[in-house]
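Trainee: I am new to this structure and would like a close look at a single part of it. Could you take me through that part slowly, and then set it within the whole chain?

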Amino acid sequence: MPITPTKSIWKNGSFIPFKNATVHVLSHALHYGSSWFEGIRAYETDKGIAVFRLDDHMLRFHHSLKVYRTVLPYSVEELRSATCELIKRNDLGTCYIRPFAMRGFGDMGVYGLRNPVEVYIAAWEWGAYLGDNAAETGVDVCISSWSRITPNSLPSISKAGGNYMNSQLVKMEAVENGYAEGITLDAYGHVAEGSGENVFAVIRGELVTPPTGHSLLPGITRDTVMVLAEQLGYPVVEREITRAMLYTADEVFLTGTAVEITPVRSVDRIAVGRGGPGPITRAIQKAFGKIIVSGQDPHGWLTFVDDVPKPSRNTKKKTSKKRK
Ligand code: PPE
């Protein structure tokens, strides 16, 4: 999906022209996958432009680096005001926001703790992630022949660039075989997640999603859906799901910032339920849609960009070093 260029990108406390946001070819991240990122959406609501669960994403961003013994040198507050200012400077409304941190140029070699940590935030307008009508009609997915990364090899709770080598294998295989997305099983054969989404299934009236221990990213949309479903009166459980349980579920859907809530109409060409989006999926999509359209915010999930003060200029040019 193409990126639409904008005016500025935030880098280490200042705003720089979009075209200057380049890195050296010998940067650590390019050689060893040592980068971390977030994906966040902002919406033009009836009450103004609002970023969805901004602080929750920035906290996860911090945790992603912590797993790799690295301190993200900007606080959640600094990242919050930088994001809101970036949206305003680029005249964006509804958009996708990509905070990104990487080990930069310095040492070569796997040990990366002496390399500087460079932090960026970019934002641009981004279309539907799994096709234009995906949220309406649903998508066809397959179970991947690739397994999900394992907790003792690559921790899935850290949204690290390197993890997405696994996601790329999954996604390429799925698309080349005519599916919109691939769902991975973990090392024990239990459903983990899609290449860039979490998975839910409606099984005998319960909304079931795999527990975080099954090698998945604890999605913020996943958490949102769990809260909304409970409110709508649907019981939610975190429990192991097998491949066959997806074949026989009444409804299956994917959640993520990019896909939002997207129904699955078939798994391995086996129709889910009657082969279209089910009523519980629809009800949850509607509840989510109400928040991002109306700007009504009973859960405190929206940060209105106009309410956030400008960042203080060039807030410390900190480069992180080794964590003590
Ligand atoms: N699992 C994975 C592997 C994942 O990448 C995402 C987000 C999720 C689950 C859902 O997390 P959340 O967005 O907090 O609900 N994937 C992001 C990147 C997608 C991309 O291709 O780039 C996203 O949706 O923004």
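**A close look at Thr224**

Mentor: Leaving out residues up to four places away in sequence, Thr224 touches Phe52, Arg53, Phe288 and Trp301. Please keep in mind, as we go on, that this is a predicted model. Thr224 has its place in helix H6, which covers residues 220-232. Its relative accessibility is 1%, and because buried means under 20%, Thr224 counts as buried.

A second position, Asn166, can be read in the same manner. Asn166 lies in helix H5, made of residues 163-176, and, with its neighbours within four places in sequence left aside, Asn166 is in contact with Ser147, Arg148 and Ile149. The relative accessibility of Asn166 is 11%, so this residue also counts as buried.

From these two positions we can turn to the nonpolar cores. The largest nonpolar core has 29 residues, and those with the most contacts inside it are Phe61, Leu79, Ile97 and Val119. Two or more residues of this core come from each of strand S4 (40-45), helix H2 (54-66), helix H3 (76-89), strand S6 (95-103) and strand S7 (117-124), and the largest share, six residues, is given by H3. Phe61 shows what such a position meets: not counting residues up to four places away in sequence, Phe61 touches Trp36, Phe37, Glu38, Leu72, Leu79, Pro99, Phe100, Ala101 and Val119. Apart from the largest core lies another one, of 22 residues, which includes Val202, Leu228, Leu302 and Phe304.

Now consider the chain as a whole, in which there are eight helices and 17 strands. Buried residues make up 52% of its 324 residues, and among the contacts with a separation of 6 or more, 72% are between residues 24 or more positions apart. A compact globule with 324 residues would have a radius of gyration near 20 Å, and the chain, at 20 Å, therefore agrees with that expectation. Along its principal axes, the C-alpha trace spans about 55 × 45 × 35 Å.

Last comes the outside of the chain, where about 14800 Å² is exposed, with carbon and sulfur atoms supplying 54% of that area. As for charge, the chain has 37 positive and 33 negative side chains, and the centres of these two sets lie 8 Å apart.

How values were computed. Residues are numbered from 1 along each chain as its sequence is written. This is a predicted model: local features need pLDDT of at least 70, side-chain atom pairs count only at pLDDT 80 or more; totals for chains, interfaces and linings use all residues. Side-chain values use heavy atoms; hydrogens and water are left out. A nonpolar core is a set of buried Ala, Val, Leu, Ile, Met, Phe, Trp, Tyr and Cys residues joined through side-chain atoms within 4.5 Å. Buried means under 20% relative accessible area, exposed over 50%, partly exposed in between (1.4 Å probe, protein chains only). Helices (H or I, at least four residues) and strands (E, at least two) are DSSP runs, numbered from the N terminus. Contact means heavy atoms within 4.5 Å. The radius of gyration is taken over C-alpha atoms; the globule rule is 2.2 Å times the number of residues to the power 0.38. Accessible areas come from the Shrake-Rupley method with a 1.4 Å probe; for residues, only the protein chains shown count as cover. Lys and Arg count as positive and Asp and Glu as negative; His and the chain ends are not counted. The place of a charge is taken as NZ of Lys, CZ of Arg, CG of Asp or CD of Glu.
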